[in-house]
Amino acid sequence: MGYWDYPVTLLASILTEKYGLPGVPVESILKCEHKYLSRLEQAKVIPEHIPLFEVFDPFNDNYMSDVKMLPPYWIKPIKSFSSYLAYRINSDLDFIDAREEIRRYIGKVTEPFEDFIHQLNLPEELTKNKGKTCIAESLLSGSMCTLEGYVYNNEVFVYGIVDSVRETDSSSFSRYEYPSKIPQTIQEEMEKITRKIMKHIGYNNNTFNIKFFYNQTSGKITLLEINPRHSQSHAFLFDSVDGVANHKIQLDLALGKKPELPEKFSGKYKKAAKFMTRTFEDGFITKVPTYRELKKINKENKDIIIKPLVKEGTRLSQLTYQDSYSYELANIYIPALDEKDLIEKYNKIISETNFKRAYENDISIV
């Protein structure tokens with residue numbers, strides 16, 4: 001069992017098949033992890049809930065032969081994580097600039113991923129697009145959320161929906177918040193779509209999470225991506241609000257048991273979030289909270305967890321695997337009584353932790 005992304009998901013699948021243990025077929029994992037193959041499968045059963053998409057080779061200078069859609073749209077590798085090397089394209093010049101960055105770094109992820117795929121004995125439809133390592137997709141809009149679920153003996157269950165709140169005027173995430181504020185009828189429709197696609201790809205005996213957009217103006221529900229694992233980022237949220245972390249579900253499934261969960265919303269808190277404290281400009285880190293400072297904050301703010309992701313002397317542009325438009329400084333996990341309590345706690349912690357960055361001679365507090 002495992003809850004990390006590639007290569008853990010594929011390795012776990014290979015091992016469970018080899019030893020006859022409960023798990024997901026390798027082909028089902030690839031139909032989630034490979035963004036283009038996943039879209040092809042989705043198009044077969046839920047075509048009204050996916051964006052336009054095209055696959056292309058970023059090293060082909062004649063890209064217009066592959067990418068025929070008009071800007072704006074997104075381009076990204078067929079295998080990625082945390083929005084790494086994902087770019088919004090508003091013009092041909094944007095495409096050329098983004099392609100240069102993709103060419104420089106894409107091999108870190110796609111080369112081992114493709115090599116792994118081609119070592120397996122898979123149908124031609126899963127291996128025929130070697131070299132076409134990027135996908136272009138039309139824009140999605142609205143509120144974003146993630147359905148966390150599992151499949152046990154071919155039956156699909158959804159146990160929670162987490163909102164992905166984005167920064168103002170940005171595609172970068174501000175926080176993951178549970179429970180979701182998406183209307184109940186929309187949540188139920190998302191669950192129906194989820195059951196349809198997970199059964200179609202033959203997913204079984206494992207956890208998963210699926211990201212959706214809901215546009216309340218048009219009423220449209222669109223599937224963004226499927227991850228063949230539960231999210232470790234949500235464990236604190238479920239533990240705080242429901243009384244048990246989602247890791248337990250994965251453990252039960254690995255043991256061949258149907259997961260048993262406490263009554264929903266029976267935890268200590270009514271609301272919980274993972275905040276991703278970030279900045280949008282480059283700079284040097286000149287101060288991070290010490291262990292003593294973090295311990296003092298935790299003592300005064302019970303059950304809160306602060307995880308700095310940077311060290312003093314770090315230049316932000318040298319951080320690895322960031323999204324294309326921002327730099328993540330810290331993860332802050334906060335349980336709360338309600339939304340107001342949640343935001344007040346976060347603002348208080350930010351003022352106390354005193355993260356600082358230097359831009360040449362300027363010092364800014366973030």
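Trainee: What is the phi of G243, and where does this residue lie?

Mentor: In this predicted model, G243 takes a positive phi of about 95°. The residue comes just after helix α7.

Trainee: Why is helix α7 called mostly covered?

Mentor: Helix α7 spans residues 235-242, and 7 of its 8 residues are buried. Buried means under 20% relative accessible area. The residues of α7 that meet this criterion are A235, F236, L237, F238, S240, V241 and D242.

Trainee: Why is M1 called exposed?

Mentor: The relative accessible area of M1 is 57%. The term exposed requires a value over 50%, so M1, at 57%, is classed as exposed. In the chain, M1 lies in the segment before α1 (8-19).

Trainee: Which residues form a nonpolar patch with M1, and what makes it a patch?

Mentor: The partners of M1 are L251 and L255, and the patch lies on the surface. Members of a patch need over 30% relative accessible area and no salt bridge, and nonpolar side chains are joined within 5 Å. M1, with 57%, passes the accessibility cut-off. Together, M1, L251 and L255 have about 320 Å² of accessible area.

Trainee: How do you know that C32 has no disulfide partner?

Mentor: The closest cysteine sulfur to that of C32 is in C145, at 17 Å. A disulfide needs two cysteine sulfur atoms within 2.5 Å; the separation is therefore too far for a bond. A search of the whole structure likewise finds 0 disulfides.

Trainee: Are C32 and C134 buried or exposed, and why?

Mentor: C32 has a relative accessible area of 4%, and C134 has 0%. The limit for buried is under 20%, so C32 counts as buried and C134 counts as buried.

Trainee: What is the secondary structure of the chain, and why is the chain called as compact as a globular protein of its length?

Mentor: The secondary structure comes to 10 helices and 15 strands. The radius of gyration is 21 Å, close to the 21 Å that the globule rule gives for 366 residues, so the chain is as compact as a globular protein of that length. Along the principal axes, its C-alpha atoms fill a box of roughly 55 × 50 × 45 Å.

Trainee: What percentage of the chain counts as buried, and how much area does the chain expose?

Mentor: Of the 366 residues, 52% count as buried. The chain exposes about 17800 Å², with carbon and sulfur atoms supplying 51% of it.

Trainee: Which percentage of contacts joins residues at least 24 apart?

Mentor: Among contacts between residues at least 6 apart in sequence, 67% join residues at least 24 apart.

Note on methods. Residues numbered from 1 in each chain as written. Predicted model: local features only at pLDDT ≥ 70, side-chain atom pairs only at ≥ 80, totals over all residues. Heavy atoms only, no water. Patch = residues over 30% accessible without salt bridge, like charges linked within 9 Å, V, L, I, M, F, W, Y side chains within 5 Å. Areas by Shrake-Rupley, 256 points an atom, 1.4 Å probe, with all protein chains shown as cover. Salt bridge = Lys/Arg side-chain N within 4 Å of Asp/Glu carboxyl O. Helix = DSSP H or I, 4+ residues; strand = E, 2+ residues; numbered from the N terminus. Buried < 20%, exposed > 50% of the residue type's maximum accessible area, 1.4 Å probe, protein only. Rg over C-alpha atoms; globule rule 2.2 N^0.38 Å. Contact = heavy atoms within 4.5 Å.
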